[in-house]
Amino acid sequence: MNLELTRHDLKILSICYYIHAGTVAFSALFCLAYASFLSVIFNAIPTGTGKNAMPEQIKTLIATLLVAVSILTIVAAIVTFLCARFLPRTRNRGFCYVVAAVTCLAIPYGTALGVFTFLVLARPEAKQIAAGMTSVAPGSEPPPVPLA
């Protein structure tokens, strides 16, 4: 392996993490939309002690869970976006390893993304790039990757 190929792989991984961050952010928006939809539905249901009444504690519990899931998903999107920013520069490698491990839980796309991140960051060339021991200019283009 050479430094240019490793740089190229890091850029590809970075693009994949940007895409993953976008899909996670979209799911957070979907969860918030679902919470607002349920708030409209819950406001139409009578409260109190009647036969068709819904207990106020259930409404509060469901709303709290949806908001908590939304917040966690937004945090996951931000963390994934930061990992995408750090990967091409190979800064904060430990942070990228942790994000890759958590990304492995998103089966099947996240698992492949996390495993490939482990493989690329474990290369000696990635460690050289992180240490700044490269003789290649950072803005140079990588060579084309052979298809066969």
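This is a short talk on how the helices pack, where the pockets sit, and two backbone oddities in one structure.

Okay, thanks everyone. Before anything else, keep in mind that what you have on screen is a predicted model.

Let me begin with the helix packing. Two packed helices are described by the angle between their axes and the distance between the axes. Most of my story hangs on H1, which covers residues 3-44.

Take H1 with H2 to start. Their axes come within 8 Å and cross at roughly 165 degrees. Angles over 145 degrees count as roughly antiparallel, so that's what we call H1 against H2. If you look at the handedness, the H1 and H2 crossing is left-handed. And what is that contact made of? By class there are 21 nonpolar residues, six polar ones and two charged ones.

Now swing over to H4, residues 109-121. H1 and H4 pack at about 150 degrees, and here the axes are 11 Å apart. That angle makes H1 roughly antiparallel to H4. This crossing is left-handed too: that's H1 with H4. Who touches whom? On the H1 side you've got Asp 9, Leu 10, Leu 13, Cys 16, Tyr 17, Ile 19 and His 20, and on the H4 side they meet Tyr 109, Leu 113, Gly 114, Phe 116, Thr 117, Val 120 and Leu 121. Sort the residues of that contact by class and you get ten nonpolar, three polar and one charged.

The last partner for H1 is H5, residues 124-131. H1 and H5 pack at about 85 degrees, with 9 Å between the axes. At that angle, H1 is roughly perpendicular to H5. From H1, Leu 3, Thr 6, Arg 7 and Leu 10 meet Glu 125, Ala 126, Gln 128 and Ile 129 of H5. The class split for this contact is four nonpolar, two polar and two charged.

Right, pockets. Rolling a probe the size of a water molecule over the atoms shows where empty space is left.

The largest pocket comes out at about 230 Å³. Its lining is Asp 9, Ile 12, Leu 13, Cys 16, Tyr 109, Ala 112, Leu 113, Phe 116, Leu 119, Val 120 and Arg 123. H1 and H4 each put in at least two of those residues. Which helix gives the most to this lining? That would be H4, with six residues. As for chemistry, the lining of the largest pocket has nine nonpolar residues, two charged ones and no polar ones.

The second largest pocket has a volume of about 160 Å³. Lining it are His 20, Val 24, Ala 76, Val 79, Thr 80, Val 98, Val 99, Val 102, Thr 103 and Ala 106. Here at least two lining residues come from each of H1, H2 (56-86) and H3 (93-103). H3 gives the most, with four. This second lining has seven nonpolar residues, three polar ones and no charged ones.

Let me finish with the backbone. Most residues other than glycine have a negative phi, and most peptide bonds are trans. With that in mind, have a look at two spots.

One is the bond joining Ile 107 and Pro 108, a cis peptide bond with omega at about -5 degrees. Where does Pro 108 sit? In the loop between H3 and H4.

The other is Thr 90: not a glycine, yet its phi is positive, at about 50 degrees. You'll find Thr 90 in the loop between H2 and H3.

So, a quick recap before I hand over. H1 runs roughly antiparallel to H2 and roughly antiparallel to H4, and lies roughly perpendicular to H5. The largest pocket takes lining residues from H1 and H4, while the second largest draws on H1, H2 and H3. And the two backbone spots to find on screen are the cis bond at Ile 107 and Pro 108 and the positive phi at Thr 90. That's it from me, thanks.

Notes: Residues numbered from 1 in each chain as written. Predicted model: local features only at pLDDT ≥ 70, side-chain atom pairs only at ≥ 80, totals over all residues. Heavy atoms only, no water. Axes fitted to C-alpha atoms, helices over the stretch in contact; angles between N-to-C directions. Parallel < 35°, antiparallel > 145°, perpendicular 65-115°, else oblique. Left-handed = near helix turned anticlockwise from the far one by under 90°. Contact = heavy atoms within 4.5 Å. Nonpolar A, V, L, I, M, F, W, Y, C, P; charged D, E, K, R; others polar. 1 Å grid on protein atoms, 1.4 Å probe; cavity = no way out; pocket = protein on both sides within 12 Å on 5 of 7 lines; lining within 4 Å. Points joined across faces, edges and corners; volume = space filled by probe spheres on them.
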